[in-house]
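Trainee: Got a minute to go through this one with me? I'd like to start with how the helices pack.
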Amino acid sequence: MTLPARMKFGTFMAPFHQLGEDPTLALERDLELLQWLDYLGFDEAWIGEHHSAGWEIIASPEVFIGVAAERTKHIKLGTGVISLPYHNPLMVANRMVLLDHLTRGRVMLGVGPGALVTDALMLGIDPATQRPRMDESMSIITRLLTSNEPITHQSDWINLTGARLHLRPFTQPHMPLFAAAAGSPAGMVVAGKYGLGVLSFTTPRGGETLSDFWDIAEKTAAEHGKTVSRENWRLVLHVHLAETREQALAEVRHRGGSYWRDYYEGVMGVPQAFEAEKDDIVAEWNARGTWCIGTPDDLVEAINRFDRDSGGFGGLMVQQVDWATREQVMHSFELIARYVKPRFQGSLVSLEASQRDAERVSLQVRALREDAVGRARASYEEHTSGAPTAGG
């Protein structure tokens with residue numbers, strides 16, 4: 001096993017909410033879930049940015065994080081992700097540094113090119129320019145965060161003159177930085193070029209293996225004199241757990257099928273991966289190992305499989321989907337916290353060793369205990385037999 005001694009667990013919260021429900025209440029459920037994860041001891045939560053298509057309703061992860069930070073105590077909160085081509089890099093850096101101070105170092109900056117083409121088109125951005133613009137923006141953001149020298153930069157979409165951060169970061173040298181890598185290797189290239197962490201799906205969408213994907217980051221890092229660490233590689237996986245696999249599948253079968261058919265195939269235009277009725281989609285993805293819908297043991301097995309396939313990674317982020325009842329979603333995360341997290345965070349090592357030690361000497365200990373009890377009883381009887389009786 002090549003996983004770190006204490007693997008990180010968290011959620012990747014786009015979030016996905018089906019049409020037809022009150023969006024205000026949906027946002028409140030998202031905040032409530034983060035409070036629950038904070039209580040359960042999850043390490044991280046990544047919050048998305050989207051502006052169209054109906055399902056993902058958080059337009060500003062920074063604003064959402066500001067609210068979530070007031071309702072939580074320990075969990076780290078990241079932008080998952082800020083779509084850099086939509087923003088001036090100086091404003092991105094200044095907003096994140098402000099959050100870094102307000103949260104006393106609990107924020108992380110995750111960046112990407114923008115997932116929804118409909119977002120880019122509303123802003124008049126050619127989708128073909130999004131990934132080069134992400135790279136250009138990140139080059140400026142890293143300089144702003146690491147140097148106090150003023151930056152002047154002119155391009156077809158950025159105009160900075162003597163720009164520098166107003167506040168220096170609370171976290172030194174700066175908050176953790178991550179790049180998203182989903183539909184193309186561009187995120188891995190940016191991560192390697194600037195020495196960033198990585199947020200990627202367990203199944204790269206371009207057909208590469210996880211190991212191939214990481215090789216891109218390492219090769220690019222070497223070319224630019226940087227290093228990348230597997231401990232800063234977060235894999236994102238669709239997960240829903242219950243006491244049995246049958247129960248877990250039943251809980252998400254219908255809404256999970258709608259999520260894939262209506263959002264990914266309908267809204268995103270993702271080609272149909274296989275022929276299936278809507279209510280059979282979840283079971284098919286599960287059978288292929290792309291999702292993990294089942295029991296805590298199933299998730300433990302999946303993590304070990306991804307460890308083997310990838311060569312090691314640093315954290316598992318659960319793709320949050322509003323595909324079951326509130327109580328079922330909460331319970332799924334509780335099962336992860338109680339029965340999965342401890343197996344990958346070193347929480348059970350000493351306890352299990354202590355139990356094995358006790359079992360090994362159990363007969364000897366029993367004999368000693370019985371001898372001690374017998375001696376105590378004999379001593380008591382000897383003492384009481386020689387004592388004067390009342391009235392004697």
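Mentor: Sure. Keep in mind that this is a predicted model. Take helix α3, residues 89-102, and helix α5, residues 130-146. They pack with their axes 9 Å apart, at an angle of about 45 degrees.

Trainee: So what do we call the arrangement of α3 and α5?
Mentor: Oblique. The angle is about 45 degrees, and 35 to 65 is outside both the roughly parallel and the roughly perpendicular ranges.

Trainee: Is the crossing of α3 and α5 left-handed or right-handed?
Mentor: Right-handed.

Trainee: Which residues make the contact?
Mentor: From α3, Pro89, Leu90, Val92, Ala93 and Val97. From α5, Ser137, Ile140, Ile141, Leu144 and Leu145.

Trainee: And how does that contact split by class?
Mentor: Nine nonpolar, one polar, no charged. Ser137 of α5 is in the contact, and Ser counts as polar.

Trainee: What about α1 and α2? What angle do they pack at?
Mentor: About 45 degrees, with axes 9 Å apart. Helix α2 covers residues 61-71. That angle makes α1 oblique to α2.

Trainee: Left-handed or right-handed, when α1 passes α2?
Mentor: The crossing is right-handed.

Trainee: Who's in the contact there?
Mentor: α1 brings Leu27, Glu28, Asp30, Leu31, Leu34 and Gln35. α2 brings Phe64, Val67, Ala68 and Arg71. By class, that contact has six nonpolar, one polar and three charged residues.

Trainee: Which ones are charged?
Mentor: Glu28 and Asp30 on α1, and Arg71 on α2.

Trainee: Switching topic. How many cavities of 30 Å³ or more does a search of the whole structure find?
Mentor: Two. The largest has a volume of about 110 Å³. The second largest holds about 30 Å³ of space.

Trainee: What lines the largest one?
Mentor: His17, Ala26, Arg29, Asp30, Glu32, Leu33, Gln320, Asp322, Arg326, Val329 and Met330. Two elements give two or more residues each: α1 (23-40) and α11 (326-340). α1 has the largest share, with five residues.

Trainee: Asp30 again?
Mentor: Yes. Asp30 lines the largest cavity, and it is also in the contact of α1 with α2.

Trainee: How does the lining of the largest cavity divide by class?
Mentor: Four nonpolar, two polar and five charged.

Trainee: And the second largest cavity, how does its lining divide?
Mentor: Six nonpolar, three polar and no charged. The lining is Val239, His240, Val318, Gln320, Val321, Trp323, Val329, Ser332 and Phe333. β10 (233-241), β12 (315-321) and α11 each supply at least two of those residues.

Trainee: Where have I seen Gln320 and Val329 before?
Mentor: In the lining of the largest cavity. Gln320 and Val329 line the second largest cavity too.

Trainee: OK, pockets. What's the volume of the second largest pocket?
Mentor: About 230 Å³.

Trainee: How many residues line it, and which lie nearest its centre?
Mentor: There are 13 in the lining. Nearest the centre of the pocket are Asn286, Gly289, Trp291, Asp298 and Arg305.

Trainee: Which element gives the most to that lining?
Mentor: α10, with four residues. α10 spans 296-310. α9 (281-287) and β11 (292-294) also supply at least two residues each.

Trainee: Last one. How does the pocket lining divide by class?
Mentor: Five nonpolar, three polar and five charged.

Technical notes. Residues are numbered from 1 along each chain as its sequence is written. This is a predicted model: local features need pLDDT of at least 70, side-chain atom pairs count only at pLDDT 80 or more; totals for chains, interfaces and linings use all residues. Side-chain values use heavy atoms; hydrogens and water are left out. On a 1 Å grid over the protein atoms alone, a cavity is a set of points where a 1.4 Å probe fits but cannot get out, and a pocket is an open set with protein on both sides within 12 Å along at least five of seven lines; lining residues have an atom within 4 Å of a point. Grid points are joined across faces, edges and corners, and a volume is the space filled by probe spheres set on the points. Axes are lines fitted to C-alpha atoms, for helices over the stretch in contact, and angles run from 0 to 180 degrees between N-to-C directions. Angles under 35 degrees count as roughly parallel, over 145 as roughly antiparallel, 65 to 115 as roughly perpendicular and the rest as oblique. A crossing is left-handed if the near helix is turned anticlockwise from the far one by less than a right angle, and right-handed if clockwise. Contact means heavy atoms within 4.5 Å.
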